[in-house]
Amino acid sequence: MNLFEEISQLVKETLKVITKRPESFNRTSLEKITIEPPRLAAYGDMATNAALVLTSKNDSPRDLAQELAIKLTKDKRILKAAVAGPGFVNLKLSLDCWHHVLKAILSDGDNFGRSNFGAGKRVNIEFVSANPTGPLHVGHTRGAVFGDALGNLLSFAGYRVTREYYINDAGAQIEALARSVYFRYLQAIGKKVVVDDMDYPGEYLAPVGEALAQQYGDKWADQPEQVWLKEIGDYAGDIMMKKIQEDLASLGVKMDVFFSEKSLYGTGRIEAALKQLQEKGLIYEGILDPPKGKFIEDWERREQTLFKSTEHGDDVDRPLKKSDGTWTYFAPDIAYHFDKIARNFDILIDVLGADHGGYVKRMKAAVSALSDGKVSLDTKLIQLVRLQKNGRPFKMSKRAGSFVTLRDLIETVGAGVTRFVMLTRKNDAPLEFDFDKALEQSRDNPVFYVQYANARVVSIFRRAKEEGIPITDDMLRNADLSVLNHEMEIAVLRKLAEWPRAVEMAARSNEPHKIAFFLNELAGEFHRLWNLGSDDSNLRFIQPNDIPASQSKIALVRAVSIVISSGLGILGVTPLQEMR
RNA sequence: GGCCCCGUAGCUCAGCUGGAUAGAGCGACCGCCUCCUAAGCGGUAGGCCACAGGUUCGAAUCCUGUCGGGGUCGCCA
C-alpha cells in the first residue's frame with residue numbers, strides 16, 4: 001500500500017484521457033511529474049506539478065490544471081481538487097480514502113512500507129574496514145552505524161544486501177602492531193624496556209603481550225625481528241579482529257563477509273586483477289609529477305607502475321607499486337573490488353572515513369574499468385564525530401593511546417542511543433555527539449522524543465487491556481473508522497501514509513538519516529494529537545463506555561506503533577516499552 | 001596550487017530527482033495539567049538561504065566564479 005503511488009497512477013491515467021497532445025507525453029516529462037505533500041497543510045493533502053511539467057511553451061498551465069482538477073474529482077478518493085499558484089493542482093482526499101489507508105497499514109503490519117523499489121538487485125556494502133590494530137573508536141562507530149542502517153534500509157526497500165568488512169591485515173600497520181605487542185611481551189616477561197616510540201601505545205595491547213608470555217615464555221626474548229614479526233603480527237591481528245567483532249556485536253552490527261587483504265597476497269589474485277587492466281591498456285610504466293603547491297622533502301623522480309585512472313575520470317594516474325617494489329594499498333584494493341565484481345553484485349557501496357575523500361575517484365575509476373562500466377560504485381564519506389561532554393570537547397588521539405572507544409559509548413549511553421544519535425545527521429556533515437544531550441529526556445533529544453511516543457503508544461495498549469477493551473489485530477482491522485474524522489487524526493494518518501514514500505526517498509539517495517527525521521516528525525504528530533486529548537476528551541484514544549469508538553482510535557495508535565517499530569528497526573534501535 | 005565536502009534563524013540542523021508565503025528543535029517571550037505519562041503541547045519573535053553571475057515559466061536546490069571553514073594530495077591505510 002503506497003498512497004502516493006496510487007494517486008500518482010490516477011493522475012497519470014487521467015492525463016492520458018484528457019490530453020489533446022499525446023506527443024508531448026514523452027517519458028522524461030512523465031517522470032518529472034511529482035505527487036508530494038504540499039508545503040503548507042492548508043493547501044490540501046497532496047499536490048501535483050503535472051500541468052506545469054506537461055504544458056508546452058505557448059499554452060497556459062492553468063488551463064490544463066483546471067481540466068485535470070475537474071476530471072480528478074470524479075474519482076471517489078478525491079474530495080476536492082483545486083488549481084493554485086502557477087498551475088499546481090492541490091488535492092484533498094476523502095475521509096474514506098484515509099480510512100482505507102489505515103486499514104491497509106493494519107493488514108500490512110510489519111510489511112507496510114516495504115517495497116520492491118530495489119527489484120532484488122544485489123548490493124554490497126563495505127563498511128568499518130578498520131585496521132585490526134586496536135579497538136573501534138567513535139569514528140568507526142559512526143561508519144558502522146551508518147553502514148548497518150543503510151543495509152537495513154536497502155533490504156526494506158527490496159534490495160538483496162551483503163554487509164562486508166575488508167580486513168587490512170597485510171600492510172605495514174600489522175608489522176607496527178607486532179612491534180608494539182613485542183614491547184608488551186618483553187614487559188610481561190619482566191624485561192626492562194623503554195617505551196617511548198610505540199606505534200600503538202594503548203594499554204589494550206598489554207594483555208596481548210601477557211598472553212604471549214603465558215604461551216611462549218621467554219622464547220622470543222632475545223630474538224631478532226624477523227624471527228617473530230610475522231607470527232606475532234598474525235597472532236595480535238587475530239585477537240584485535242575478535243575484539244572488533246565483539247564491539248560490532250555489542251552495537252548490533254553483524255557482517256555477512258569478512259574479507260582478508262592477506263588472502264590476496266601470494267595467491268596471484270592481485271596480479272590477476274591487474275592483468276585485466278593491463279589487457280585494457282590501462283597499466284604503464286611512467287613518471288608522476290610531484291603534487292603542485294605541496295612541498296615534499298624527499299621527492300624523487302622515479303619511474304613506477306601506474307594505473308591510467310585518468311581514462312575513467314580521475315585527475316592523475318595512480319601508482320600501484322612502492323619504491324621498494326611492494327604493492328601500494330591501492331593494488332590489493334583493486335583486486336578486492338575485482339573480487340566483488342566477480343561475485344555478481346549490481347551495486348557496490350563503500351562507506352569510508354572523510355579522510356579517504358582523495359581515494360574515491362581512483363577507486364571508482366578502477367571499478368568502472370574492471371566492470372566495463374556495468375557495476376556502479378557509490379562511496380559514502382562519513383564525516384568526523386566531535387565528542388562533547390559538559391559542553392567541553394574532548395580529543396581522540398590514537399598515538400597517545402587515549403581515545404574514546406565504541407565500548408565507551410555503549411557503556412555510557414547504550415547501543416540504541418548511540419545508533420539513533422549518529423543517524424540524526426547526514427553522513428557528509430560533521431556530527432556533534434554530546435554525551436549529556438544523548439541521555440537527556442527532553443524534546444531536544446530526538447532519541448528520547450521518538451521513544452517517548454512509542455512508550456505512550458504502549459501505555460495506551462496497556463490501559464485498553466485494563467479497561468477491558470479488546471484490541472486484537474483482527475478487531476482493530478474491522479473497527480468502524482468513521483469516528484476518526486478530526487483534522488489532527490487525519491494529520492497523523494497523512495504522516496503515516498508518507499512512510500512508504502519516505503523509505504523510497506531514503507533508499508534512493510542512500511541516506512538513512514531521512515528515516516530518523518521522519519520518525520521525529522511522526523512522533524511530533526502523535527504527541528500533538530495526544531495533547532489535544534486534554535482539551536477535548538473526544539480525542540482521547542480510550543473512550544470510557546464506548547468500546548467501538550475506542551477500538552477505532554486505538555487502530556490509529558496501532559498504526560503509529562507499526563511505523564515507529566519499522567523505522568526504529570531500520571535504524572537498528574529497539575523500541576522502548578516505557579520510559580524510566 | 002589540484003581534488004572532495006561544507007556555508008540556511010542567536011545556536012544545532014532539515015529542506016525530497018528545481019515548484020507556491022524557506023521549516024524544526026534549542027535559547028527568548030506568552031500560554032495549557034481535576035483530564036490516556038506536562039519527560040508533553042499551543043502561540044509570538046527571529047532569514048539578502050556566504051557573495052556575484054548564468055540556465056529556467058520558476059533556483060536554497062542545477063552550472064560558473066569569488067570568499068570563508070574542513071579534509072586530502074607517490075614510497076600511510
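A polar contact here is a pair of N or O atoms within 3.5 Å. By that yardstick, a base nitrogen of RNA strand B and a polar backbone atom of K292 make the cut, sitting 2.4 Å apart. Keep in mind that this is a predicted model. Two things to look at: how the protein meets the RNA, and a small sheet.

**Polar contacts with the RNA**
- W530 also uses its backbone, putting an N or O atom 2.5 Å from a base nitrogen of RNA strand B.
- R456 goes for the phosphate instead, with a side-chain N or O atom 2.7 Å from a phosphate oxygen of RNA strand B.

**The surface around the RNA**
- Elements that supply two or more residues to the surface near RNA strand B are β4 (88-93), α7 (172-188), α16 (446-466), α19 (499-508) and α20 (513-535).
- The largest share is α20's, at nine residues.
- In total, 67 residues surround RNA strand B, and the closest are R39, Q441, Y449, Y452 and M505.
- By type, the residues of this surface split into 26 nonpolar, 24 charged and 17 polar.
- On the RNA side, 56% of the strand B atoms within 4 Å of the protein belong to sugar or phosphate, and bases make up the rest.

**A three-stranded sheet**
- β8, β9 and β10 line up in that order as an open sheet with antiparallel pairing.
- β8 (283-287) and β10 (318-319) are the edge strands; each has a single partner, so one side of each has no neighbour in the sheet.
- Five bridges tie β8 to the antiparallel strand β9 (residues 303-307).
- Across from G286 you'll find Q304 in β9.

Methods
Residues are numbered from 1 along each chain as its sequence is written. Chains are lettered from A and ligands numbered from 1 in the order in which they are written. This is a predicted model: local features need pLDDT of at least 70, side-chain atom pairs count only at pLDDT 80 or more; totals for chains, interfaces and linings use all residues. Side-chain values use heavy atoms; hydrogens and water are left out. A residue is near a molecule or strand if one of its heavy atoms lies within 4 Å of it. A polar contact is a pair of N or O atoms within 3.5 Å; within protein, one must be able to donate a hydrogen and the other to accept it, and residues adjacent in sequence count only if both atoms are side-chain atoms. Helices (H or I, at least four residues) and strands (E, at least two) are DSSP runs, numbered from the N terminus. Ala, Val, Leu, Ile, Met, Phe, Trp, Tyr, Cys and Pro count as nonpolar, Asp, Glu, Lys and Arg as charged, and the others, Gly among them, as polar. Two strands pair if DSSP finds at least two bridges between them.
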